[in-house]
Amino acid sequence: MNLKFIQFSTLAAVFCMLVACTGTKEPIVAKEELPAPNIIPLPLNVSWDNGTYLVPQANKICYNDGAKTSAVWLQKLLNSAGLNSEISAEKNSACGNWTVVKEESLDLLLGEEGYILDVRNNGVTLKAATDAGLFYAVQTLRQFFPAEIEQNNLSNTAIKLRLGHIEDTPQYSWRGTMVDVSRSFFGLEYLKQHVDRMALYKMNRLHLHLTDDQGWRIEIKSKPKLTKVASKGSVTDGRSGYLTQEEYKDLQDYALARNIIIIPEIDMPGHIYSALLAYPELNCSENTNINPKKAVPPALYEGYEVGWSKFCLEKPETYEFVAEVIEELADITKGPWIHMGGDEIKDPLYKEFVVKADSIINFYNKITIGWEEVTQAKVSENFISQVWNGDTESVIKDVKVIESICSNFYLDHGNTPDQENAATWCKKDGVSLNDVYDYSNSNPNVIGVEAPVWTEYVLTDETMDDRFWPRAVAVAEIGWTPDAKRDFSGFIKRLSDHGKRLSQMGIHFFPSPEVKWGDKEDPKEVKSVFYNFDPKK
Ligand code: TNX
């Protein structure tokens, strides 16, 4: 081989290492100042420095003990940006241009979910006390990259990162959404997509409203008719179906890898017609527990009304049924909570039922959550009440609270006053982006926020997207960023830059009129940086 050529290629390789080789022919040197990335949720403390880090084509990620999975998430991020990287467990922390450090002692400073992200002109460091914290450092970093990274479509683009230092930790431990899969079914595929979207915005709880009058959506092997019979229904034109236990496990694993815990809800003693239809022997004689008789077995119920079905609370069989269902559900549920519903029902034996159901759930080693009405009863001390209309006088002082107050968080309501297929009962003009963002509270018992989408009128993936996005982004910021640091005008400015990313992720989001969205792009094929990615494989 020609010596001159070897010299030239060696020189070029050295140049590549020193400056940056980006896949394009010419090395690109960042001249202009990059604007700071528009991070959502707004981190607790950010200081931006002048200058940028031009990420080289070849990267090395060094991680310490326990941080391998996080290093793999980071590697996937770089890979989606068209960058090569190797990961290495070398002890020398300065061994690469990317450093991932898990250090338990940082817990004091950062809590269980906080992180430090440091972007300097010679590399990037991510630090946290936990995998969750490091995962969130990666999610923040993801927002430094151009939106096209979501389609893995960045090869041939020079990647420049604005220099800066971020120290971040959430305001609340509960940052959730709820999907009603009973009125209309949304299966494993959509739920995984939803989990991916939540993870980008550092949300960590997904509550599944698995049962209601219209359909039963979780396989309970000891009660086969729940799936054979009760899963067949839905609201008119809605989808029916159910999650098998395998799928439920798969979803939980997928979510847990992304620091999201699934909370299953069996709504009882009301909203229970689908179970009564599958096991009609659970009804009182002459179906007196069904009143008014919107439907009687063996008919399915496809309507929209609530408050007409309940368990026959005098029958011991009711409690046997509840205990068997909860035992199996607890067994297949990885998170610490089971939601018992408990809303919208009147019965002289209601409080007794609540206390018993709560103790059954505790017996199977889970913490009970219920809609706020249940706190009229003497529930257990670690019970969590989910507030939705703020009307209930609770007999338990100091009960922990998840805020889902309908005027701020009911995303089945329209984005705008005139939106079709939207509920109006709580707020007739809908729940605007501003209404969501406006939430704040001073109740020390509030552990966080959760936004439900009920699906009486939400029958397709596109409509579900439209209800959650971008309002769930506002929920994420409320859950993460301390109230004193938040303001709506800053939020919508940052959000305007996320429209492109939401479209790149294939989300049919609603273009809230408060936001200057820039050029509206049609949603791309559903995909994102971590879509279907498993860091353990
Ligand atoms: C109230 S909120 C319900 C649901 C409905 C929803 C419709 C709550 C605990 N119960 O059963 O689907 O309103 O907006």
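This briefing describes the ligand site, the disulfides and some backbone features of the structure above. The model is predicted, and the residue-level features reported here are therefore limited to positions with pLDDT of at least 70. The ligand occupies the second largest pocket, and the protein buries 96% of the 360 Å² that the ligand exposes when taken alone. Elsewhere, a search of the whole structure finds three disulfides, and two peptide bonds that lead into proline, Met268 to Pro269 and Asn291 to Pro292, are cis.

**Ligand site**

- The residues that surround the ligand are Arg183, His271, Asp343, Glu344, Trp371, Trp388, Tyr410, Asp412, Trp425, Trp454 and Glu456.
- Sorted by class, this shell consists of five nonpolar residues, five charged residues and one polar residue.
- Two acidic side chains approach oxygen atoms of the ligand: a polar side-chain atom of Asp412 lies 2.6 Å from one oxygen atom, and a polar side-chain atom of Glu456 likewise lies 2.6 Å from an oxygen atom of the ligand.
- Glu344, which also belongs to the surrounding shell, has a side-chain N or O atom 3.3 Å from a nitrogen atom of the ligand.

**Disulfides**

- A disulfide is a covalent bond between the sulfur atoms of two cysteines.
- One of the three disulfides found in the structure is formed by Cys62 and Cys95, whose sulfur atoms are 1.7 Å apart in the model.
- The link of Cys62 and Cys95 is left-handed, with -105° about the S-S bond.
- Cys62 lies in strand β2 (residues 58-63), whereas Cys95 lies in the loop between β3 (84-88) and β4 (98-102), so the pair ties together parts that are 33 residues apart in sequence.

**Backbone features in loops**

- The peptide bond from Met268 to Pro269 is cis, with omega near 5°, and Pro269 is placed in the loop between β10 (261-265) and α8 (273-278).
- A cis peptide bond also joins Asn291 and Pro292, where omega is about -5°; Pro292 is found in the loop between α8 and α9 (316-332).
- Asn156, a residue other than glycine, has a positive phi value near 75°, and its place in the chain is the loop between α4 (131-142) and β7 (160-168).

Definitions and conventions
Residues numbered from 1 in each chain as written. Predicted model: local features only at pLDDT ≥ 70, side-chain atom pairs only at ≥ 80, totals over all residues. Heavy atoms only, no water. Near = heavy atom within 4 Å. Polar contact = N/O pair within 3.5 Å; in protein donor to acceptor, adjacent residues only side chain to side chain. Areas by Shrake-Rupley, 256 points an atom, 1.4 Å probe, with all protein chains shown as cover. 1 Å grid on protein atoms, 1.4 Å probe; cavity = no way out; pocket = protein on both sides within 12 Å on 5 of 7 lines; lining within 4 Å. Sits in = over half its atoms within 2 Å of the grid points. Nonpolar A, V, L, I, M, F, W, Y, C, P; charged D, E, K, R; others polar. Disulfide = S-S within 2.5 Å. Helix = DSSP H or I, 4+ residues; strand = E, 2+ residues; numbered from the N terminus.
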